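Colleague: I would like a close look at one part of this model, the annotated binding site. Please set that part in the context of the whole assembly.

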There are 2 protein chains.
Amino acid sequence: MSLIVQKFGGSSVSDAEGVKRVARRIVETKARGNDVVVVVSAMGDTTDDLLDLAHEVSSDRGSSRELDMLLTAGERISMAVLAMAVHELGAPAQSFTGSQAGMITDGIHGAARLVEVQPHRIRESLAAGNIAIVAGFQGMNRQTRDITTMGRGGSDTTAVAMAAALNADYCEIYSDVDGVFTADPRIVSSAHKLNEVSSEEMLEMAANGAKILHLRCVEYARRFNLKLHVRSSFSDLEGTWVIPSATDADSAELMKEIPLEQPLISGVAHDRSQAKITVVGVPDVPGYAAKIFGSLNDAHVNLDMIVQNVSTKSAERTHISFTLPQDQGGTALAVLRRVQQEIGFEDIEYDDSIGKLSLVGAGMKSNPGVSFQFFEALSEAGVNIDMISTSEIRISVVTRADLLDAAVRAVHTAFGLDSDDEATVYGGTGR
Amino acid sequence: MSLIVQKFGGSSVSDAEGVKRVARRIVETKARGNDVVVVVSAMGDTTDDLLDLAHEVSSDRGSSRELDMLLTAGERISMAVLAMAVHELGAPAQSFTGSQAGMITDGIHGAARLVEVQPHRIRESLAAGNIAIVAGFQGMNRQTRDITTMGRGGSDTTAVAMAAALNADYCEIYSDVDGVFTADPRIVSSAHKLNEVSSEEMLEMAANGAKILHLRCVEYARRFNLKLHVRSSFSDLEGTWVIPSATDADSAELMKEIPLEQPLISGVAHDRSQAKITVVGVPDVPGYAAKIFGSLNDAHVNLDMIVQNVSTKSAERTHISFTLPQDQGGTALAVLRRVQQEIGFEDIEYDDSIGKLSLVGAGMKSNPGVSFQFFEALSEAGVNIDMISTSEIRISVVTRADLLDAAVRAVHTAFGLDSDDEATVYGGTGR
């Protein structure tokens, strides 16, 4: 008997039919003799509807405690309805809020981090023979006893954290996509599903725009040595296994089932959600860059790629470019304008029509042919490169947004990732 | 400075505009120097929508724990949105679930009774200068730590219980009606609002079909000697004060403001939600009635009026008629069929096309002219009377359902309750 944690996103439970379909899957898993813990997101557009309601009464961004109280109603609805649908199939189930399930967080409303997982009630419920259904995305601040939410992707994190705390055999992340693909099937129709990917590669893909798994959930799974199975709730196909470490015994066993000729390249990730800021005419003396990045850090702006180019106009001044999430653009510009006089740079340029493309694969650095092939493919596709960054297992470039799709297709083909079958795409991906 | 508890029903917060209107009223009350605790129901049709969703996935009536979990999402939404709307007006507010507000109940899901109210967090929130907003209708079973709901009318009970526990000066119950009327203004357009009514009269009216206040809430207020102010959230008019006892000092002071010539008759209540069951041909020997009522009691059927008529066909057998809520009709019939053979009665008749009319007023029994006038009015209106029951301050009759409106109007007129002004009716009344 295994203990399995199954997480279902909002797209899997978008309506009553979806809830029933998920209930059947859960009950089948239980009927095969497994203990089952389910983590569920809010149904379909519930979260967006609740946000709309909040904006109708309030322009205030400071009501974060109340916004969390509001949004957590979404999972409360989905988990209770799912428990009822499971009862309808004759199986016992109990639903639990984040607080009841022991998801203890810090007090940062809207972006709370897990402090501790205390799943006493989940263990009791499983021991009593129940399927335990847990609200994703939410927790409780122990100090104030206030309800918190963990931000987008929080439900994946709930599932992985619950699986780790319960020492589950593995954690299944269900969405409307069959697994992890070599590229986004919406852009590259010949993209193919990976049977297995390492946690490290998945980390790079998630960090660089692959939306199927959130970075935080992959980090968590890797830290706790937890296997993830990323699959679709709309089909019975095997999905993609995300394996934390090849040295782990269980994992080694699973590796046996995977073809030996594992491709060097895992896939092509892309990201349209970034913007680029260029700080023009920075005095080229030590300490100025630190001041710029220090002030951005104080404002919690997440920088990604950073490039410093020596100015051709004047040897005394340089430009610094960096990328950041578009939704932090306003904050970053405000911070920079505030410190402009003090630091003495000349101007700020902002561009949110950029795209980022990343090629991810194990052993990339040790194979110098990869980067040559990569840049050649982009060049042949007529894609200009604006910024470059690399890691052990990744090369990323920034291009013009309107060239991103062509760039993704070109690189996907160049590395022989195209498959003969068309990928199945079911719809939008939930939280 | 007073401490005031204000309760707003679903019709007062049916949409964002309603929420904003309620927020303005709350903030005004606070600005007048009062401490304010708000109890709020789910917005508009939310509860019914959630029930519909439950029925889409489940025919099971046994998921009562999960149904409570589901329904409590309704107040979670309204209270959080209301807190945001209050923030938007620049006033501090915090929302609290029933569990957070210390509403401790027993474990009867869907119809939980309050065991204890422990409003520590509400007191702390008030002391910190906040408006405290509490979810109506919901509580927590301390033994299992499961969420419970208190059934329809539960939000009124939450408000009154919270007011009693905090020793509030009074409790305002807001709905879409201006107060307690001498009859339902939807039926009797000349009905007029009462400025004051005693708890005892209000109890009789609530028990006999007046929907403006739930019996349970009136009982609770009376027990804790709490003044209620029943009024509309759509106007600034004074509503109806429900005064627990004339001997109370505060209340005596308030009585001074009320005209001395208080009418003998408070009003006419009516109820369409009852059904009548007649058990035909019961052996007329001691103990048989007890067996019938005992078995109905075991099945938690609430009987109201009971009449035993001697059968004309046979001196050895009698008929027993009683009224009960229509939604318990099926249960009662099943119970009776089960015991029919054992008790040996001949048949069961069921009639849900009945209406009940009650005339309520202080000192009714001591004024024999009242019942004469009452029956004369019904007779002149051509209304046949099926059953009669009386108390110190009430006469009730059962009539055919299609004659009920005419009967209510006739009695209202006969007792001089008609006013010259048309009553204002805003819409349906929320939970």
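Modeller: What follows starts at the annotated residues and works outward to the core, the chain contact and the confidence scores. Keep in mind that this is a predicted model.

The site first. An unreviewed UniProt entry carries the annotation "binding site" for Lys7(A), Phe8(A), Gly9(A), Gly10(A) and Arg186(A). These positions are spread over 180 residues of sequence. They are spread in space too, with C-alpha atoms up to 23.2 Å apart.

Take Phe8(A). This residue belongs to strand S1 of chain A, which covers residues 3-8. Is Phe8(A) buried or exposed? Its relative accessibility is 0%, and the cut-off for buried is under 20%. Therefore Phe8(A) counts as buried. Residues up to four places away in sequence set aside, Phe8(A) touches Val22(A), Arg25(A), Ile26(A), Val38(A), Val39(A), Val40(A), Ser41(A), Tyr174(A) and Ser233(A).

Now Arg186(A). This residue sits in a loop of chain A, between strand S9 (170-175) and strand S10 (196-198). Its relative accessible area is 45%, so Arg186(A) is partly exposed. The annotation thus takes in a buried Phe8(A) and a partly exposed Arg186(A).

Next, the nonpolar interior. In soluble globular proteins, nonpolar side chains tend to be buried together. Here the largest nonpolar core has 75 residues. Which of its members touch the most others? They are Ile133(A) and Ile133(B). Look at the copy in chain B. Neighbours within four places in sequence left aside, Ile133(B) contacts Val38(B), Val40(B), Met79(B), Leu82(B), Ala83(B), Val86(B), Ala93(B), Gln94(B), Ser95(B) and Phe96(B). Another core, of 66 residues, lies apart from the largest one. Its members include Met103(A), Leu114(A), Val117(A) and Val218(A).

Step back to chain A as a whole. The chain has 12 helices and 20 strands. Of its 431 residues, 57% count as buried. Consider contacts in chain A with a separation of 6 or more: 75% of them join residues 24 or more positions apart.

Then the pairing of the chains. A turn of 180 degrees and a shift of 0.1 Å along the axis lay chain B on chain A, with an RMSD of 0.1 Å. The two copies are thus related as by a two-fold rotation axis. In chain B, the residue closest to that axis is Ala73(B), with its C-alpha at 2.4 Å.

How many residues make the contact? Chain B gives 42 residues and chain A gives 42 residues. The area buried between them is about 3,500 Å², and carbon and sulfur atoms give 59% of that. On the chain B side, Val57(B), Arg76(B) and Met84(B) lose the most area to chain A. Together they account for 21% of what that side buries. Of the interface residues of chain B, 100% are also interface residues in chain A, so the copies meet through the same surface.

Last, confidence. The model scores ipTM 0.71 and pTM 0.76. Chain A has a mean pLDDT of 86, and 89% of its residues reach 70 or more. Two stretches of chain A deserve a flag. Over residues 247-263 the pLDDT is below 50, and this stretch has 15 contacts in the model beyond near neighbours in sequence. Over residues 425-431 the pLDDT is also below 50, with 29 contacts beyond near neighbours in sequence.

Terms used
Residues numbered from 1 in each chain as written. Chains lettered and ligands numbered in written order. Predicted model: local features only at pLDDT ≥ 70, side-chain atom pairs only at ≥ 80, totals over all residues. Heavy atoms only, no water. UniProt positions renumbered as here; feature names shortened; annotations may be inferred. Helix = DSSP H or I, 4+ residues; strand = E, 2+ residues; numbered from the N terminus. Buried < 20%, exposed > 50% of the residue type's maximum accessible area, 1.4 Å probe, protein only. Contact = heavy atoms within 4.5 Å. Core = buried A, V, L, I, M, F, W, Y, C linked by side-chain atoms within 4.5 Å. Least-squares fit on C-alpha atoms with pLDDT ≥ 70 in both. pLDDT = per-residue confidence, 0-100. Buried area = accessible area lost by both parts, 1.4 Å probe.
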